[in-house]
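Subject: A structure for you to explore

Hi there,

Here is the structure I promised to pass on to you. Have a look around it, and then read my notes below.

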Amino acid sequence: MKKWNGLVYVVFCVGIFLHADTKNGEKLFKTYCWGCHHQTAEAFGPSFRTIANKRSRGEIMAQIADPEHTYKQLGYKRNSMPAFDDLSAADLQALTNYIYSFKDKK
Ligand code: HEC
């Protein structure tokens, strides 16, 4: 039994870390994205649920950082989303994890 203590501890820490990360993603979302995207309802832009169900993490991060270069690839005729190119890699990760938290469980 004892040898599992370390593993339980690691799982616990990773859990806390992921939780904090999603919280940060939620804060970033409310600060930067909420005017145009809502979590589960379509707004000016698609909902995070729609996005999570059809895009890869790479596509999502690329769109946030540089939509001018990704919108065509994602099938849009024009781009109406500003680039958030001053976000850190950690912020991009947190936002992407937050978007993915709306993915439908299959
Ligand atoms: C001014 C409005 C606006 C803001 C602010 C905005 N978006 Fe968008 N977003 C759009 C629109 C409109 C689209 C549709 C494609 C386009 O115009 O490039 C889009 C598309 C996207 C897509 C790709 C959708 C797909 O089909 O997969 C992602 C991912 C995305 N936005 C994430 C974000 C995130 C994360 C933020 C906040 C950091 C954000 N957006 C802020 C308007 C906005």
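Which residues make up the largest nonpolar core? Keep that in mind while I give you the overall picture. Please remember that this is a predicted model. The protein chain has 5 helices and 0 strands, so if you follow the sequence from start to end you will read the pattern α-α-α-α-α. Of its 106 residues, 14% count as buried. Looking at contacts between residues at least 6 apart in sequence, 54% join residues at least 24 apart.

Now back to the core. It is made up of 8 residues: Phe48, Ile51, Ile60, Ile64, Ala94, Leu95, Tyr98 and Ile99. Helices α2 (48–54), α3 and α5 (89–100) each supply at least two of them, and the largest share, 4 residues, comes from α5. Try clicking on Ile64, one of the core residues. Beyond its neighbours within four places in sequence, Ile64 is in contact with Phe84, Leu87, Leu92 and Leu95.

Next, the ligand. There are 23 residues around it, and those that come nearest are Cys33, Cys36, Gly45, Tyr71 and Met81. Sorted by class, this shell has 16 nonpolar, 6 polar and 1 charged residues. Both α1 (4–33) and α3 (57–65) supply at least two residues of the shell, with α3 giving the most, 3 residues.

Two single residues are also worth a visit. Is His37 buried or exposed? You will find His37 in the loop between α1 and α2. His37 is buried because 20 other C-beta atoms lie within 10 Å, and 20 or more is what it takes to count as buried. Leaving out residues up to four places away in sequence, His37 touches Ala43, Gly45, Ser47 and Phe48. The last of these, Phe48, is 11 residues from His37 in sequence and 7.0 Å away in space, C-alpha to C-alpha.

The second is Asn24, which lies in helix α1. Asn24 has 17 other C-beta atoms within 10 Å, so it is partly exposed; that class sits between 12 or fewer for exposed and 20 or more for buried. How far apart are Asn24 and Asp91 in sequence and in space? They are separated by 67 residues along the sequence, yet their C-alpha atoms are 7.8 Å apart.

Enjoy exploring, and send me your questions!

Best wishes

Note on methods:
Residues numbered from 1 in each chain as written. Predicted model: local features only at pLDDT ≥ 70, side-chain atom pairs only at ≥ 80, totals over all residues. Near = placed C-beta within 6 Å. Nonpolar A, V, L, I, M, F, W, Y, C, P; charged D, E, K, R; others polar. Contact = placed C-beta atoms within 7 Å. Core = buried A, V, L, I, M, F, W, Y, C linked by C-beta atoms within 7 Å.
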